[in-house]
Amino acid sequence: MTHGAAVLGMADVRKSFPSPAGRVEVLRGVDLEIRRGEFVMVTGPSGSGKTTLLNLAALLDFPTSGRLTFQGRELAGLAEDSLCDLRKRAIGVVFQRFCLLPRRTALENVLFRFRYVGGAEAETRRAALAALDTVGLAALADRPVRVLSAGEMQRVAIARAVALRPELLVADEPTGNLDAASTAAVMDCFRRLNVEGLTVLLVTHNEGLLRYATRHLVCVEGTLNP
Ligand SMILES: Nc1ncnc2c1ncn2[C@@H]1O[C@H](COP(=O)(O)OP(=O)(O)OP(=O)(O)O)[C@@H](O)[C@H]1O
Ligand SMILES: [Mg+2]
């Protein structure tokens, strides 16, 4: 399968954190290039640096050293407002624990994605409903999230992540709290979005999901290996 333009690039990316015992080296020289349309899955032992890597990919944190590029542009050269714009529009994030507002409806949760980008109310509502439709939940738009099943909650979170039609969808163990049936439903959402052109970077501990990926990488002690 051929893929399109560069979405995310990392060259000798390192990340360390301060600790009382000195700096902890978490990422130790990561080289990665993800192209448009790829579905990259990362597995690896607990503590190997997967979440740290995703935080960099989502532009939520900065490398200690090395080059990080998004859509061919080097992160270090971006002004703060361009960076915010990328975070808001170009990247969607899905977490293991959903991170939804339980008392709000599915639609309201998706509408939160539009909070900082503006737009006419009717238009954002239409886009939010369309996002819920892509995950098969249009009929549940007005239900409070707390009454939904865990799998439905995660699909609401996916709808929220893709509502602004990002370039890259980053997901950290998105099926970690789900049973087998809900896992399949959630993975089908990722697959459908990927087939429509969305680039996906997903971390999982579930080797059974690797068949959804177009590429599999293993994170071991802060390095990424094929
Ligand atoms: N902000 C931080 N400050 C200090 N240490 C950190 C910080 N973030 C992560 N670490 C350490 O970095 C290492 C890797 O953490 P990370 O969360 O990336 O692992 P992971 O591969 O996602 O693990 P898991 O599979 O359990 O989610 C861990 O030892 C963790 O304690
Ligand atoms: Mg993690």
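This report describes two sheets and the helices around them in a predicted model.

**The four-stranded sheet**

Four strands make an open sheet. Their order is 2-1-4-5, and the pairing is antiparallel. Strand 2 (24-35) and strand 5 (73-74) lie at the edges, since each pairs on one side only. Inside the sheet, strand 1 (residues 6-17) pairs with strand 4 (residues 65-70). Five bridges join this antiparallel pair. Take Arg14 as an example: its bridge partner in strand 4 is Ser65. Helix 1 (residues 50-57) packs on this sheet. Helix 1 touches strand 1, strand 2 and strand 4.

**The six-stranded sheet**

A second open sheet has six strands in the order 6-7-8-3-9-10. Here the pairing is mixed. The edges are strand 6 (91-94) and strand 10 (223-225), and each of these pairs on one side only. From one strand to the next, the twist averages 20°. Strand 3 (residues 39-43) and strand 8 (residues 199-203) run parallel, joined by four bridges. Met41 has Leu202 in strand 8 as its bridge partner.

Helix 1 packs on this sheet too. Its contacts include strand 7 (168-172) and strand 9 (215-220). Helix 6 also packs on the sheet. Helix 6 touches strand 3, strand 6, strand 7 and strand 8.

**Helix directions against the strands**

The table lists the angle between each helix and one strand of the sheet it packs on.

| Helix | Strand | Angle between directions |
|---|---|---|
| Helix 1 | Strand 1 | about 130° |
| Helix 1 | Strand 7 | about 155° |
| Helix 6 | Strand 3 | about 140° |

**Helix 5 meets helix 6**

How do the axes of helix 5 and helix 6 cross, and at roughly what angle? The axes of helix 5 (residues 150-162) and helix 6 (residues 180-195) come within 9 Å and cross at roughly 15°. Angles under 35 degrees count as roughly parallel, so helix 5 is roughly parallel to helix 6. The crossing is right-handed.

Which residues of helix 5 meet helix 6? They are Gly151, Gln154, Arg155, Ile158 and Val162. On the side of helix 6, the partners are Ser182, Ala185, Val186, Cys189, Phe190 and Leu193. Sorted by class, this contact has seven nonpolar, three polar and one charged residues.

Helix 6 thus links two parts of this account: helix 6 meets helix 5, and helix 6 packs on the six-stranded sheet.

Key: Residues numbered from 1 in each chain as written. Chains lettered and ligands numbered in written order. Predicted model: local features only at pLDDT ≥ 70, side-chain atom pairs only at ≥ 80, totals over all residues. Heavy atoms only, no water. Axes fitted to C-alpha atoms, helices over the stretch in contact; angles between N-to-C directions. Parallel < 35°, antiparallel > 145°, perpendicular 65-115°, else oblique. Left-handed = near helix turned anticlockwise from the far one by under 90°. Contact = heavy atoms within 4.5 Å. Nonpolar A, V, L, I, M, F, W, Y, C, P; charged D, E, K, R; others polar. Pairing = 2+ DSSP bridges.
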